[in-house]
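Reader: Hey, got a minute to go through this one with me? I'd like to start at the ligand and then look at the helices.

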Amino acid sequence: MSDELARAWDEAADGYEQYFVPRFRPWVEAAVAELGDLPPGPILVPCCGTFPELDLLLEQFPNREIVGIDLSAGMVELARQRASGHDLVSLVEGDAATLDPQWHRACSAVVSVFGLQQLPDPQQALSSWYDALRSEGRLSVVYWPSVTEEDGPFSQMKALLRPGAPAAEEDPAAVLTLDRDELVRFPITHDDAATFFEAYAHSGPMRATANARGAAYVEDLRAKFLQQAPDGEWTHRPAARLISATGRAPTDR
Ligand SMILES: C[S@@+](CC[C@H](N)C(=O)[O-])C[C@H]1O[C@@H](n2cnc3c(N)ncnc32)[C@H](O)[C@@H]1O
């Protein structure tokens, strides 16, 4: 599955950068702002995609090693373009769910935006990311929980894609002691429902499903979605979960 997932994100990368990156910017800002003062050490960015976290990290931490990790070669290519000219920034193409042992208790921060909800075992991934922190380091993760809004394009797509899916989910952060745990809402505006559907189906997380199920499935979904969607410009305020935790003190280790 991870090959198909990586390929889907390769194909989505340009559109994702164009459509979603500007709209998701406030959540990226919130995740990076959460880092505050950090001990020395590299900053890891699992599931970095095109690396929208990078500019903000460079502003706050100009002299750090910063490492982005993503499964998709297409995403990593765009991330490399963003990182060009910054000698302390590097990219790794690979699975970020379990971090390489070289990072164990070595990092000043792990920051990740909108990757966790895609991983097969989010709780295990969070544990792995947390274990990469040195004492007083910071984990800052923003992800989409199973319910993001009462009504809006995200909830309407979810209802069409997974009708009857249970709202409850296992808490991926159950294994951590959190310093902060909040739902963070910002407005997102789409020109209209058709524009949103196009971006969601081809340049976002639905791309893998669209590839697997085929064009007829996507057309059927589009018709159902547009039938119930409002006319004209569409603004919604989805809530993402922001969690943060501090690396263990040496005595806890
Ligand atoms: C929605 S994008 C978010 C990218 C970026 N952090 C942002 O905020 O725009 C999710 C990214 O997670 C990556 N991804 C999914 N599963 C992954 C895995 N197991 N390991 C590394 N990256 C993964 C995808 O390739 C995609 O680039």
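Author: Sure. Keep in mind that this is a predicted model. Around the ligand there are 19 residues, and the ones that come nearest are Glu53, Asp70, Asp95, Ala96 and Val113.

Reader: What does the polar side-chain atom of Asp70 lie close to on the ligand, and at what distance?

Author: An oxygen atom of the ligand, with 2.6 Å between the two.

Reader: OK, and which backbone atoms pair with ligand nitrogen?

Author: Val113 has a polar backbone atom 2.8 Å from a nitrogen atom of the ligand. Leu71 also offers a polar backbone atom, with a ligand nitrogen at 3.2 Å.

Reader: Cool, switching to helices. How do α5 and α6 pack?

Author: Helix α5 covers residues 153-161 and helix α6 covers residues 193-203; the angle between them is about 55 degrees and their axes are 12 Å apart. That angle falls outside the parallel, antiparallel and perpendicular ranges, so α5 and α6 count as oblique to each other. The crossing of α5 past α6 is right-handed.

Reader: Which residues make that contact?

Author: From α5 you have Pro153, Phe154, Met157 and Leu161, and from α6 Phe196, Phe197 and Tyr200. By class, that is seven nonpolar residues, with no polar and no charged ones.

Reader: And what about α6 with α8?

Author: Helix α8 is residues 215-228, and α6 packs with α8 at about 145 degrees, with 10 Å between the axes. This crossing is right-handed.

Reader: Which side chains should I click on there?

Author: On the α6 side, pick Ala193, Ala194, Phe196, Phe197, Glu198, Ala201 and His202; in α8 they meet Val218, Leu221, Arg222, Phe225 and Leu226. The class count for this contact is nine nonpolar, one polar and two charged.

Reader: Back to the N-terminal end: how far apart are the axes of α1 and α3?

Author: Their axes are 6 Å apart, and the angle is about 50 degrees, with α1 running over residues 2-33 and α3 over residues 73-83. At that angle, α1 and α3 are therefore oblique to each other.

Reader: Who meets whom in that pair?

Author: α1 brings Trp9, Asp10, Ala13, Asp14, Tyr16, Glu17 and Val21, while α3 brings Ala73, Gly74, Met75, Leu78 and Arg82. Sorted by class, the contact has seven nonpolar, one polar and four charged residues.

Reader: Last topic: where is Thr246 found?

Author: Thr246 belongs to strand β9, residues 239-246. Setting aside neighbours within four places in sequence, Thr246 is in contact with Tyr130, Leu133, Glu136, Gly137, Arg138 and Asp179.

Reader: Which side chain does the Thr246 side chain make a polar contact with?

Author: Arg138, at 2.9 Å, side chain to side chain.

Reader: And how far is Thr246 from Gln18?

Author: In space, 33 Å from C-alpha to C-alpha; in sequence, 228 residues.

Notes: Residues numbered from 1 in each chain as written. Predicted model: local features only at pLDDT ≥ 70, side-chain atom pairs only at ≥ 80, totals over all residues. Heavy atoms only, no water. Axes fitted to C-alpha atoms, helices over the stretch in contact; angles between N-to-C directions. Helix = DSSP H or I, 4+ residues; strand = E, 2+ residues; numbered from the N terminus. Parallel < 35°, antiparallel > 145°, perpendicular 65-115°, else oblique. Left-handed = near helix turned anticlockwise from the far one by under 90°. Contact = heavy atoms within 4.5 Å. Nonpolar A, V, L, I, M, F, W, Y, C, P; charged D, E, K, R; others polar. Near = heavy atom within 4 Å. Polar contact = N/O pair within 3.5 Å; in protein donor to acceptor, adjacent residues only side chain to side chain.
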